[in-house]
Amino acid sequence: MDISLKVNQKTNIVLFASGGGSNVLRICQYFENNSKIQVAALFCNKSNAGVMDRVKPFGIPTFLFSKTQLESGEVLIKLKSIAPKLIVLAGFLLKLPQQIVSQFRRKIINIHPSLLPKFGGKGMYGIHVHQAVKNKGDTSTGMTIHYVDEQYDSGDIIFQKSVDIAPTDTPEDIAQKVLKLEHYYYASVIHALIEDLPYDW
């Protein structure tokens, strides 16, 4: 779908996702009735991703793109036309190219399901992270919200929250505990960043 945005005075957020989109849903719900901030668009690289259906009730414009379009600069052109205050990665699995990172320096954030720098880097996403935590025998884990730079999971940390792990917890149990943290905090941190409010809670 080609993106067509209404002209208004609201601050724009753009979401990037590749999967089911539970964090996207939470963010959309959080900002649905905000008078100053709006989710202006969803960018997705998978046509069968569940997130595409998640945003339909909110009437949010979507842009389905390929890896080639991401790397060629087409996605960057779309982003510049929207002029987002913040680009939010919410389960987006591709690495953003240098041209996007440079254009939106410290305006792109990501959420990672571990306490970075532990269990980060290429290939560390979803259940792979929680399995690694389980294998290491850690007694706690959590989630990290961080700025995006040129490397996987290496940007400056904005916010972290931890949760205890029981010895009997499976990777799936750990995943559910961390996801609860993500759903509770991500939208609030986004809001605080945009409004330049404290988020030390």
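1. Start with the side chains of S18 and N45: they make a polar contact with each other, at 2.6 Å. Keep in mind that this is a predicted model, so read that distance as a computed value.

2. Where does S18 sit? Look in the loop between β1 (11-17) and α1 (22-31). Is S18 buried or exposed? S18 counts as buried, because its relative accessibility is 5% and the cut-off for buried is under 20%.

3. N45 has company around S18. If you skip the neighbours within four places in sequence, S18 is in contact with N45, K46 and A49, and also with G91, F92 and L93.

4. Now step back to the sheet. It is an open one of 7 strands with mixed pairing, and its order reads β3-β2-β1-β4-β5-β6-β7. At the edges you'll find β3 (62-64) and β7 (157-164), each of which pairs on one side only. On average, neighbouring strands here are turned by 20° against each other, ignoring direction.

5. For a detail of the pairing, try β4 (residues 86-89) and β5 (residues 108-112). These two strands run parallel and are joined by 3 bridges. Which residue in β5 is the bridge partner of I87? That's I108.

6. Finally, have a look at α1, the helix that follows the S18 loop. α1 lies across β1, β2 (37-44), β4 and β5. Relative to β1, α1 runs at about 165°.

Methods: Residues are numbered from 1 along each chain as its sequence is written. This is a predicted model: local features need pLDDT of at least 70, side-chain atom pairs count only at pLDDT 80 or more; totals for chains, interfaces and linings use all residues. Side-chain values use heavy atoms; hydrogens and water are left out. Helices (H or I, at least four residues) and strands (E, at least two) are DSSP runs, numbered from the N terminus. Buried means under 20% relative accessible area, exposed over 50%, partly exposed in between (1.4 Å probe, protein chains only). A polar contact is a pair of N or O atoms within 3.5 Å; within protein, one must be able to donate a hydrogen and the other to accept it, and residues adjacent in sequence count only if both atoms are side-chain atoms. Contact means heavy atoms within 4.5 Å. Two strands pair if DSSP finds at least two bridges between them. Axes are lines fitted to C-alpha atoms, for helices over the stretch in contact, and angles run from 0 to 180 degrees between N-to-C directions.
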